[in-house]
Amino acid sequence: MSKNNNVDIQSPFCVLCGRTDDCPEKYGEKRTYVEYNLTVHYYCLLMSSGIWQRGEEDEGVDGFLITDIRKEVNRAAKLKCNICKKKGASIGCVAPKCKRSYHFPCGIQKECIFQFMEDFRSYCWEHKPVQKFPDKESRGTSQCTICLDLVEQLPVYTVLKSPCCKNAWFHRECLQYQALSAGIFFFRCTVCNNKDKFQKEMLRMGIHIPEKDASWELEENAYQDLLQCYQHCDIKRCLCKKGRDYNEPDSKWEIKRCQCCGSRGTHLACSSMKSWEQNWECMECRSIFAKSGNYSKQKKRSLATSEKTDGTCLLEEPSPKCPRQSPGSQHNFLLQSPKIMCQNNLSPCSRLELPASHRVTMSLSPLMSNRNWSLSKKHLRKERREVSNILKELKLQVNTKTTRLNINAENIWNSALKGFRQRNFSPTNTIEIKFTNCKNRSKTDTSAASKHHFFQLLMLHLQNSSLFEGTSAKNLSFDFQAVKENLYFEAGKMIAVSLVHGGPSPGFFSKTLFNCLVYGPENVKPALEDVADVDVAKTIKMIKYANSLSSLQSTIHDCYEFLAAAGCLRPITALCDKNMLVNDILIHHVIKRIISPLERQIFAVLNIKD
């Protein structure tokens with residue numbers, strides 16, 4: 001059931017804690033269902049000891065059925081809170097022999113610990129977990145790296161210490177706000193960027209990390225400005241009567257950007273260029289070339305003369321009789337990527353540095369020696385053996401405790417998704433399958449054959465789903481809605497559980513996708529066969545099989561916008577440069593473009609492993 005927006009103006013109280021407070025950061029979202037006369041805080045419901053999610057995600061309150069909520073309210077009405085002494089205490093301490101019960105807000109006030117993971121355990125103020133500090137460790141004050149205010153280095157409830165950095169201390173409140181904003185995929189130590197160890201400790205200490213994308217990732221068109229190309233003529237004496245911002249493609253009033261920095265431009269006519277294919281550099285970049293010694297003596301004299309003529313000129317004015325030539329070879333072409341500029345020791349690297357999500361591809365360069373490649377292959381063979389051993393070890397960890405999954409074979413995906421998202425689902429439990437769509441009777445079969453059949457149906461559905469693309473050997477696709485709903489993580493978890501519990505392997509994976517998941521994307525070199533998009537594959541083939549420099553430059557000119565959006569523009573000085581360009585496009589399309597879904601699948605596999 002979806003949320004009802006018809007909320008009572010009187011600000012009704014939560015049926016579990018009895019409070020009217022509406023503070024999502026502390027108590028979770030407050031939801032009111034007028035037709036059921038029901039109001040509840042999400043955290044109060046989540047941490048209650050006597051209720052479980054038995055419905056679909058869109059049923060009741062995120063899977064908590066209305067009838068179950070009313071039963072829990074009746075159960076809690078008999079229990080008195082050990083803090084406020086009022087009835088309705090639905091949460092109990094899980095410590096052995098401890099009989100304390102309390103409301104969720106009362107527990108927060110009394111500094112109890114609520115763990116938003118696994119069985120959603122709660123600990124009272126006497127039995128709560130604490131962080132251990134060495135006795136010899138000096139006490140003092142340090143700066144919280146989130147709010148930048150001072151924090152005392154004391155083992156108290158309001159202060160938490162990073163498990164991965166010795167001198168990193170945080171306010172609990174700051175960490176909780178950070179976790180709610182960043183979500184499970186981006187919440188990490190602000191000092192060393194550690195994710196796994198940091199999240200594990202914060203969950204143990206009661207920080208709620210929601211399974212969602214970061215708030216800045218969900219904002220629509222948040223990075224739209226980054227896709228805009230610079231369209232302005234910066235020549236001191238612009239000749240265009242329609243203004244410096246006028247741009248008419250395929251004419252003398254087309255704006256040409258600086259091939260090095262891309263942050264300056266000129267009309268072709270304003271720089272006496274006869275065609276768009278002629279190279280042009282702004283004054284700033286030409287001066288950098290001159291200092292690095294890449295200009296010939298003749299070019300240096302020309303530049304010095306220009307600077308002497310007008311020291312205040314931002315861009316060099318061309319002579320109307322002499323069309324501008326490139327500083328190096330006449331065949332230098334297109335924008336120079338930040339990676340290439342770094343190799344040439346050019347200072348604009350700091351200004352053109354790629355974001356972190358793009359930087360991952362820098363280690364994928366195929367320019368490695370034969371000896372290094374041989375060592376890499378030996379390392380991969382060793383890791384392959386380690387993966388096999390991990391699967392064997394995980395199979396031994398499956399215990400006799402059973403988890404039943406109610407499966408509708410005609411709706412295999414939704415029923416499997418519901419089962420895997422159960423609060424009591426654990427990959428270490430023996431899985432029992434109950435098919436509920438039989439015509440005459442329900443059938444429960446705990447045999448390995450039945451379980452294998454379930455995983456076989458599940459793998460078949462995944463193979464044909466929108467999460468993957470390709471014909472027979474498939475790679476991950478990019479489905480924004482699936483990323484938003486965290487379906488890549490769920491699919492990765494299902495595949496990992498299938499492997500551990502004797503189900504079929506995902507035989508539809510391409511070699512590239514398999515290697516990305518097992519060895520990491522930085523150790524993988526994609527091939528043309530991995531590109532499922534017909535238009536992109538056609539573009540790559542045209543570049544790969546170009547037989548002359550002119551035809552290569554013409555092809556690049558035709559697909560300029562695609563290369564710019566992919567961040568694959570690079571100078572083309574020889575025909576052999578096409579190989580590096582093809583490699584960059586493959587890395588972008590096959591790996592970098594789907595890095596978010598790929599990280600979610602890897603995270604799911606590692607989560608099962610842990």
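Okay, let's start with one residue: Asp62 is partly exposed, because its relative accessibility is 21%. For the vocabulary, buried means under 20% relative accessible area, exposed means over 50%, and partly exposed is in between, using a 1.4 Å probe and protein chains only. Asp62 sits in the loop between H2 and H3, and its phi is positive, near 55°, even though the residue is not a glycine.

Before I go on, some housekeeping. This is a predicted model, where local features need pLDDT of at least 70 and side-chain atom pairs count only at pLDDT 80 or more, while totals for chains, interfaces and linings use all residues. Residues are numbered from 1 along each chain as its sequence is written, and side-chain values use heavy atoms, with hydrogens and water left out.

So how confident is the predictor? pLDDT is its confidence in each residue, from 0 to 100. The mean for the protein chain is 77, and 77% of the residues reach 70 or more. Residues 1-9 stay under 50, and the model gives them 18 contacts beyond four places in sequence, where a contact means heavy atoms within 4.5 Å. Residues 295-375 are also below 50, with 151 contacts beyond near neighbours in sequence. Where pLDDT is low, the predicted coordinates should not be read in detail.

Now the whole chain. The secondary structure comes to 22 helices and 17 strands. Those are DSSP runs numbered from the N terminus: helices are H or I with at least four residues, strands are E with at least two. Of the 610 residues, 46% are buried. Take the contacts between residues at least 6 apart in sequence: 59% of them join residues at least 24 apart. The accessible surface is about 33,000 Å², and 50% of that belongs to carbon and sulfur atoms; the areas come from the Shrake-Rupley method with a 1.4 Å probe, and for residues only the protein chains shown count as cover.

Let's go to the beginning of the strands. Strand S1 covers residues 30-33; Lys30 and Thr32 point one way, Arg31 and Tyr33 point the other way, and all are buried. S1 pairs with strand S2, residues 38-41, in the antiparallel sense over four bridges. For two strands to pair, DSSP has to find at least two bridges between them. Tyr33 stands opposite Leu38 in S2. The hairpin has four residues between the strands, and Asn37 there takes a positive phi near 55°.

Tyr33 also brings us back to the loop we started with. Gly60 is in that loop between H2 and H3, and it counts as buried because its relative accessibility is 10%. Gly60 and Tyr33 are 27 residues apart along the chain, and their C-alpha atoms are separated by 9.6 Å.

After that loop comes helix H3, residues 66-76. Which residues of H3 are buried? They are Ile66, Asp68, Ile69, Glu72 and Ala76. Down the axis they fall within an arc of 160°, so they line one face of the helix; the arc is that of the directions from the helix axis to the C-beta atoms. An α-helix has 3.6 residues a turn, so residues three or four places apart point the same way. On the other side of H3, Thr67, Lys71 and Asn74 are exposed. The buried residues pack against S2 and helix H2, residues 42-47.

For a contrast in exposure, look at Lys97, in the loop between strand S3 (91-92) and strand S4 (101-102). Lys97 is exposed, with a relative accessible area of 86%. Its phi is positive, about 70°, although Lys97 is not a glycine.

Next, further along, Asn475 in strand S17, residues 475-476. Is Asn475 buried or exposed? Buried, because its relative accessibility is 5%. A polar atom of its side chain lies 3.2 Å from the backbone oxygen of Asp530. Leaving aside neighbours within four places in sequence, Asn475 has contacts that include Leu467, Phe468, Ser510 and Asp530.

Last stop, helix H19, residues 549-558. Leu549, Leu552, Gln553, Thr555 and Ile556 are buried here. They cover an arc of only 160° around the axis, which puts them on the same side of H19. The face turned away from that side carries the exposed residues Ser550 and Asp558. What covers the buried residues includes helix H18 (534-544), helix H20 (560-566) and helix H21 (577-591).

Notes. pLDDT = per-residue confidence, 0-100. Polar contact = N/O pair within 3.5 Å; in protein donor to acceptor, adjacent residues only side chain to side chain.
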